[in-house]
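Subject: The structure we talked about

Hi there,

Here is the structure I promised to pass on. Have a look at it first, then read my notes below.

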Amino acid sequence: MNLNRNCICLISVVATMAFPMNLMAAPAPIVIKFSHVVDRHTPKGQAADYFKKLAEERTKGRVKVVVYPDSQLYKDKEEMEALQLGAVQMLASSLSKFALLGVKEFEVFDLPFLFDNYQELHKVTQGPIGARLLARLEQKGIHGLAYWDNGFKVMSANKPLKAIQDFKGQKLRIQSSKVLDSQMRALGATPQIMAFSDVYQALQTGIVNGTENPPSNLHTQKMHEVQKYITLSDHGYLGYAVIVNKKFWAGLPADIRAILESAMKDATKYANDIAKRDNDEALAAVKKSGKSQFITLTAQERAQWKKTMDKAHKDNMGRIGTELVKEIYKETGYSPD
Ligand code: LMR
């Protein structure tokens with residue numbers, strides 16, 4: 001009994017001498033900083049947290065994912081630069097912001113009324129066109145991993161926006177996208193590009209009169225508290241591409257990369273499964289708050305919006321790539337007026 005204990009002691013002393021503590025310790029984990037600009041409870045926020053969980057569990061701690069939500073680390077433009085410089089490793093930027101990287105084809109997703117529903121959208125994002133677009137990022141030092149859904153946008157303001165003439169004189173915040181700029185100008189409004197993190201205050205102080213966003217963003221940023229009217233227009237789509245610094249990704253051990261790819265695949269399914277429900281719930285919560293009034297469009301009014309906004313298609317078709325736009329029209333059945 002005693003002999004055994006002495007033996008064990010001796011073995012552990014010898015082992016400690018042969019392998020000093022610092023060599024015996026597990027290697028430091030690979031850290032992935034994942035920055036995004038929205039609240040944790042949005043579809044993107046939840047999917048980022050789910051990816052973290054899967055990645056850390058499946059790599060058994062060899063990878064640590066640190067998620068920075070709500071523009072804690074960087075705002076819209078800065079996060080793109082940070083990714084290219086390697087200051088963060090992963091983002092899920094809105095497709096509307098990819099022209100900031102010089103890849104303007106992504107603005108195709110901003111074309112108003114292009115997608116009527118998630119099914120039409122997925123034909124593009126989950127098919128060969130989506131893959132081709134992600135491949136275009138490689139030349140910018142970025143590797144595209146997946147598309148994550150958010151949803152279809154509502155228009156909000158402090159006056160009811162129903163007929164086209166209602167937009168006249170309205171200053172409306174947009175994301176950094178030439179297509180969204182054209183869309184607002186076609187309506188007769190004045191677009192103003194602004195970082196997402198500045199929108200609430202700009203609405204509150206009247207720097208802008210209104211904006212467009214899916215309900216999940218509107219609700220989690222409390223925009224409804226400073227917007228009297230919300231038009232349920234579903235006039236355009238807002239979603240994301242999950243992207244990584246290419247050098248970082250290529251430099252990962254192959255087994256780790258494969259595990260992370262599987263975690264991303266499952267996080268993508270999760271994101272796209274919850275997006276619609278989450279937006280529906282956000283809308284219901286806004287309604288319940290009683291802070292803003294909902295406006296629905298008649299079929300004729302909606303047709304008028306579509307017809308008016310079609311100018312954004314015509315004005316940007318050449319910029320985005322006529323062939324690409326027409327290819328997507330074929331997938332979704334969009335027909336210009
Ligand atoms: C916005 O700026 O309105 C959105 O891109 C925010 C986001 O990431 O959903």
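**A strand with two partners, and a pair of helices**

Let's start with strand β5, which covers residues 154-157. Its side chains take turns: V154 and S156 point one way, while M155 and A157 point the other way. Whichever way they point, all four of these residues are buried. Keep in mind that this is a predicted model.

Which strands does β5 pair with? One is β8 (residues 210-213), which pairs with β5 in the antiparallel sense over three bridges. If you want a spot to click on, V154 has N213 as its bridge partner in β8. Another is β9 (residues 229-231), joined to β5 by three bridges and again running antiparallel. Here you can look for M155, whose bridge partner in β9 is T231.

Now for the helices. Find α5 (residues 118-125) and α13 (residues 322-332): their axes come within 9 Å and cross at roughly 135 degrees. Why is α5 called oblique to α13? Because an angle of roughly 135 degrees is neither under 35 nor over 145, and it is also outside 65 to 115, so the pair counts as oblique. The crossing of these two helices is right-handed.

And which residues meet there? From α5 you have E120, K123 and V124, and they meet I328, E331 and T332 of α13. Sorted by class, this contact between α5 and α13 has three charged, two nonpolar and one polar residue.

Have fun exploring, and write back with any questions!

Cheers

Notes
Residues are numbered from 1 along each chain as its sequence is written. This is a predicted model: local features need pLDDT of at least 70, side-chain atom pairs count only at pLDDT 80 or more; totals for chains, interfaces and linings use all residues. Side-chain values use heavy atoms; hydrogens and water are left out. Axes are lines fitted to C-alpha atoms, for helices over the stretch in contact, and angles run from 0 to 180 degrees between N-to-C directions. Helices (H or I, at least four residues) and strands (E, at least two) are DSSP runs, numbered from the N terminus. A crossing is left-handed if the near helix is turned anticlockwise from the far one by less than a right angle, and right-handed if clockwise. Contact means heavy atoms within 4.5 Å. Ala, Val, Leu, Ile, Met, Phe, Trp, Tyr, Cys and Pro count as nonpolar, Asp, Glu, Lys and Arg as charged, and the others, Gly among them, as polar. Buried means under 20% relative accessible area, exposed over 50%, partly exposed in between (1.4 Å probe, protein chains only). Two strands pair if DSSP finds at least two bridges between them.
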